[in-house]
Amino acid sequence: MIYMADTADIAALKHLYEFFPLEGITTNPTILKMAGQPLSVAVDQIKAIVGDGMIHIQVMSENADDIVREAKKYKTYFDLGDNYYTKIPVTPQGYKAMSILKDAGINVTATAIFTQQQALVAAKAGADFVAPYVSRLDNISSHGIDVVGDIAKNIIEYELNTKVLAASFKTVDQIYRVSMKRAHSATISPEILMQLIKHPMTDISVKTFLEDGQGLYDVEF
Ligand SMILES: O=C[C@H](O)COP(=O)(O)O
């Protein structure tokens, strides 16, 4: 499982990158709005934190030609090399842009995916990652985990060179379930990443170890 942080919150990212084995970050216009940062400022700060991790930046353009120009501009402007992924919503113009950008050697993440077929078409268009939105599906009485499972199954069965990037999580249990459905990766908010590694029994066990070990550890280090 590849873990990514779904955020542009710089303080939260700095904290997470101290210990969490993250392999990149994802952003979108809503995330930038929540962080209160324009794209150029946010990405410059994110770059300094994630090192050679992936940075997924969503386009705002709707027309294929504009999407291609926008995605290519970010690739040079931010100078991220192969760590740059352009996030493109799965509209007809988006699919068109995905093929063009893949042919131009730019990594593509297809986003705003709600069905197995949207993901499969994006994979055929060359997307490196496909991002189904779990909670947004669950919240309309649909089944986000099943959609993720179907996409992962297709990718494995058809031997496609695409990874599932499960997104839109509200609970730790959803992340457990997408991992068991063989999602290759997940992008998760800082709050839920912290919850993911927490367990009260761990805290109790550590506390007991500290108490029991008092006076017994006599090797200096
Ligand atoms: O980029 C997609 C986001 O991960 C969607 O998450 P959200 O449903 O919590 O806004």
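K153 and E157 sit together in helix α8, four residues apart, or about one turn of the helix. Their side chains meet in a salt bridge, with N to O at 3.7 Å. Keep in mind that this is a predicted model.

**Salt bridges**

That pair has company: a search of the whole structure turns up six salt bridges. Side chains of opposite charge can pair when their charged atoms come close. Here are three of the bridges, with their N to O distances.

| Lys | Acidic partner | N to O distance |
|---|---|---|
| K153 | E157 | 3.7 Å |
| K198 | D203 | 3.3 Å |
| K207 | E211 | 3.1 Å |

Helix α11, residues 200–212, holds both K207 and E211; they are four residues apart, so about one helical turn separates them. How open to the outside are these two? K207 counts as exposed, because its relative accessibility is 52% and the cut-off for exposed is over 50%. E211, with a relative accessible area of 47%, is partly exposed. In the K198 bridge, the acidic partner D203 is also listed as partly exposed, at 41% relative accessible area.

**Where α3 meets α4**

Now for some helix packing. Helix α3 (residues 39–50) packs against helix α4 (residues 64–78) at an angle of about 50 degrees, and their axes are 11 Å apart. That angle makes α3 oblique to α4, since angles under 35 degrees would count as roughly parallel and 65 to 115 as roughly perpendicular. As for handedness, α3 and α4 cross in a right-handed way.

Which residues make the contact? From α3 come L39, S40, V43, D44 and K47, and they meet Y74, Y77 and F78 of α4. Sorted by type, the residues of this contact split into five nonpolar, one polar and two charged.

**Two positive phi values**

Two backbone spots deserve a look if you are checking torsions. A112 has a phi near 60 degrees, which is positive although the residue is not glycine. Where does A112 lie? It is part of strand β5, which covers residues 107–113. A112 has a relative accessible area of 24%, so it is partly exposed.

The other one is E159, again a residue other than glycine with a positive phi, in this case near 50 degrees. E159 belongs to the loop between α8 (144–157) and β7 (163–166). Is E159 buried or exposed? With a relative accessible area of 71%, E159 is exposed.

How values were computed: Residues numbered from 1 in each chain as written. Predicted model: local features only at pLDDT ≥ 70, side-chain atom pairs only at ≥ 80, totals over all residues. Heavy atoms only, no water. Buried < 20%, exposed > 50% of the residue type's maximum accessible area, 1.4 Å probe, protein only. Salt bridge = Lys/Arg side-chain N within 4 Å of Asp/Glu carboxyl O. Axes fitted to C-alpha atoms, helices over the stretch in contact; angles between N-to-C directions. Parallel < 35°, antiparallel > 145°, perpendicular 65-115°, else oblique. Left-handed = near helix turned anticlockwise from the far one by under 90°. Contact = heavy atoms within 4.5 Å. Nonpolar A, V, L, I, M, F, W, Y, C, P; charged D, E, K, R; others polar.
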